[in-house]
Amino acid sequence: MRVPVSWLSEYVDVPESLDDLADVLTLGGHEVEAVERPTGGTSGVRVAEVIDVARIAGSDKLHLVHVTDGEATHEIVCGASNYAPGDKVAAALPGATLRGQLEIGRRQLFGHTSNGMLASAKELGVGDDHAGIWVLDHDAPLGADVAEWLDLDDAVLVLEVTPDRGYALSLHGLARDLAALTGVDLRLPDAGALPTGGDVVPVTISDPDRCRRFDARVIRGVHVSPSPAWLQRRLVAAGMRPVSNVVDATNAALLETGNPVHAYDLALLAGPAIEVRTAMAGESLQTLDGVERALDSDDLLICDAGGPVALAGVMGGAATEIGHGTTDVLLEVANFTSRTVLRTARRHQLHTEGSKRWERQVPPEAAPVAATRCAGLIAELAGGVVTGGADHFPTPVERPVIRLRTDRARARLGLDLDATAQGALLESISCDVAPETADLLVVTPPAYRPDLVAEVDLQEEIVRLHGFDRVPARVPSTGQVGGRSPAHEARRAVRRVLAGGGWMEAMPYPFIAESDVDLLGLPSGDRRNRTIALVNPLSKQEAVLRTTLLPGLLRVVRRNVNRQLHDVAVFEVGHVFLPPTRDEPAADGGPDGTLLPAEPQRLGLVATGAFEAGRHDRPGRASDVYDLLGACELVREVLGLPAFEVAATDEAPLHPGRAARLRLDGVDIGVVGELHPRVAGAFEVPARTLVGELRLDPLIADGIRPRQAVVPSTLPPVGFDVAVVVDESVPAADVEAAVRAGAGRRLTSCTLFDEFRGDQLGEGRKSLAYRLRLSDPETQLRDTDEAVAIEAVARAVAERVGGRLRR
Amino acid sequence: MTTDHRATLSAARSEALGALRAAPDLDALDAARSAYMGKRSALTGVQRQLGGLDADARRALGREVNAVRAELSAAEATRRAELESRRDSVVLATDAIDVTLPPRVPARGRLHPIVETTEAMLDILVGLGYRVAEGPEVETDWFNFDALNTPPDHPARSLQDTIYVRHPGAGNRTDEDGSTGLPLRTSTSPMQIRAMLRQEPPLFVAVPGRVFRADTADATHLPMFHQIEGLAVAPGLSFADLKGSLFVAARALLGEDARLRLRPHFFPFTEPSCELDAWYGGRWMELLGAGMVHPNVLVAGGYDPDEVSGFAWGMGTDRMAMVRHGVTDLRLFVENDVRFLASV
């Protein structure tokens, strides 16, 4: 809502300082987003009268104009020709400034000196008409300073009006609140006498549930012409386009009262007779914006004897529009319910100044005020006479009676206000307040506040009018220790340990393209193929909910690589969306038992390029599968989990020889590995891009498990190496398990330090060398203990993995 | 006899002192030490002959020998210290490194700035005694709208504002307006209802989460953004408790001298409703929306509005992350350029 301060001041004394005014409104719930002076900064422009106009020889456009400001005659060269001797114009004389930007001087044109210029409406900021100069009202005071005469320095407040406060979309409503908030008097016009027949157009309301009131007034003998300058200036400041005196009067009445008004050319109305009804099959209407609209049977219409003439509450029809030839006018000042207008406006995607107000409720009591004001303004501006009218108000709307428990209000607001004080605050916005008992007030809200229907609405008004700044600040005890859930703490630890380990946390959208899962080449039964589509996706690339984190992370890699950032190691902790299963159930679907998707959490890892950057003293190191496995180890370690069981896997979308599946206590956790070369190609990421995706929920479900301490032995340990020769096909994990088993309970560490292949081992054999350390807290170990252990390891590798020790 | 010894001793002393003091390097010093103080030195020779003297002479000469030996040892130590120091200064100089070469920093990643900001804000609420809870991102329209007192025709329910998804199973419901009744949650507020249904009052929870709107991405809007919801419900909670709680939390975030104000606003699920502004960078900046939980919302959560009252708020995490890190375009948060991620 754009509020010209001069206009608001007609109804209430506003605080002198604009900052104070803005603060009062903002803290009263009408946030002032900006204070503008759209026509400010103009000086030296005077009302002048054209004396004569002559074509300048040699120019096809320019005219030599003489004007007088009552004191002197000025010779001005002008490009426009939409004026004649005797017209009043705005002359910007040398030294003038237009809107703080354009400085006016003398100019030589075609051998003539132009002593300034004649201004257009656009140059003065009062309109967008730049075709000609602005011809002022005939009664404009000759010689007057235009900025003063038209109040061009008038400030405009730009208000954000909340959806509940429809009254704030009117100057009257804002004036009422301002009066209540600052304690000054109001100067609002009343409805005057209701129309009592005479020259009437019959009105039938066929749908009284949606059209609650219809005040129709007939005005005859109007002369349609542009509005006077002051009105045009105000309408533009309020964000509306001046059209003609009749139409501008309807808009002024709307801005003042908040009740939309529509004017029809009475001569063009068939009948003339009006019916308010919903649309019939096949009906259509060309609206004022020139669009031919097919009507829906739910659309409420204003019809004449021939059919639809307006989309009720939204927009009038083109056929009955006020034009230059209009002499007789039918004014429609009706009342529509918000739902009907809301649905029609949305259906036709037609949001107008009118529909915006209906959507926030307009009380039926506003109609006669708006009608009287509009009719009066038309008579004043266009010279018509109100010859008759009728106010159709079949069922007056009952105002709610609300019982306010003042003790409850006191407790819920935390305000020490007694019943009298609460009542006084409500009376300041024109509520009728009657005490019933010491603590109970019976309150009838005023008609202009249809938003006040329940006790909480009154509580809100009490604290708003009292002032939020006067509410004491207390901090309640929660009576509990705050905290995160164990799973949340665990997830946080996972993020931190990965970030500490060189992985960047990424956060892509959870939407992927349906084709993304196809590119992964998953087997047909895989759950991840069962994506859930968005009804209204933002793009085709983001049309379904992700069932896996990988496509999003691969896109992150691709974007970075495209930007020449070749070294990427990113992780994401996030939800995927899958049809629920017993292991991964959905959240509660609410009272109607709606089935929601499951939203299990995953940890995704993707890397390409160097994992360790090169330096002057050390070359970089490309990331490989062991970096992924290392990240998994960090996670396992920080959560205090037992070791993962790692086994090779050949499943999609991974490289069949470079991928591992992880299990924890036999429960499947996920896979890590190199992306299959074909999949890497399909996602346009570098060859050998690494990916991993783990099920996070089973890892974090119990939170961070406290680790059990190992008591180190103070006796010296025994250390020795063993080299195990095994078949190439035996996984290193099995060899290590055998070595560990053989070394027995005294083993404190077992580290692979060499992997070797060579002729002396024989074809298809490899040697894995381990450094072992034994210690015992109670016994001093001797060489014999080492010898015994070596023999035990030799037996274990022979039995378990068919290996032998190199001696 | 002792006179000869004395002469020998005196000569050996002066010769030895000269050699030790003049030793050009540590090797020469070692040689001098061995020559003048070792087994075959004149000094040791004199010492050896002490046994042949009578007791008095032996004692006297012995003292002299010891004095000379001590003097020579001192001279040797002095010279050794000089030579070692000279050697060290040469050797350590060749060890010198350029300490201005780049440090060797272990590769370190980063938490996403939104995650980091979320956790920082949660720390404050946890400090106030709130427990952190989380809810699903795909919601039902009952939790997301109905239970939060949103009217049936409210524009927020439309496909223009809210992203809907198809049903995961069979039996797809699709309304006249295209809605399926399964919105991607438009705020973290539906978790208010879930928390109330899950637990009896008193209830103090903080709900971080990702929320969605059908917005095209630009510098100040993303279809996906983040909120932290707070909900407090207990007997006797008032608007004054809301004000105090929000003010202490905001001051913990922005500093104890932060200028704050509450401004009336509207939300369907709270009444009275307000927004909290902080004076920041020369203007009032909106931090969050809040209010007293609407009685209809308490009822939807299974609570009795005559028994308990409460307050709730929802705060935009992304906006706060922008302020914390000096980010002016929200899209940077979802682009995941590693240079951006590494910079914050």
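1. Let's start with the walls of the largest cavity, since two chains share the job. From chain A, α14 (486-500) and β32 (568-575) each put at least two residues into the lining, and from chain B so do α5 (113-127), β2 (203-212) and β3 (224-234). Bear in mind that this is a predicted model.

2. How many residues line the largest cavity? The count is 25, and those nearest the centre are R495(A), E134(B), G209(B), R210(B) and H226(B). The space inside comes to about 400 Å³.

3. On chemistry, the lining of the largest cavity splits into nine charged, ten polar and six nonpolar residues. R495(A), E134(B) and R210(B), all among the residues nearest the centre, belong to the charged class.

4. Now for the second largest cavity, at about 140 Å³. Its lining has 13 residues, and L125(B), A249(B), A250(B), L253(B) and M315(B) sit closest to the centre.

5. Which elements build that second lining? Two or more residues each come from α5, α8 (239-254), β6 (283-293) and β7 (309-316), which are elements of chain B. The top contributor is α8(B), with four residues. Note that α5 of chain B also turns up in the lining of the largest cavity.

6. Here the chemistry is easy to sum up: the second largest cavity is lined by 13 nonpolar residues, with no polar and no charged ones. Set that beside the nine charged and ten polar residues around the largest cavity.

7. For completeness, searching the whole structure turns up three cavities of 30 Å³ or more.

How values were computed
Residues numbered from 1 in each chain as written. Chains lettered and ligands numbered in written order. Predicted model: local features only at pLDDT ≥ 70, side-chain atom pairs only at ≥ 80, totals over all residues. Heavy atoms only, no water. 1 Å grid on protein atoms, 1.4 Å probe; cavity = no way out; pocket = protein on both sides within 12 Å on 5 of 7 lines; lining within 4 Å. Points joined across faces, edges and corners; volume = space filled by probe spheres on them.
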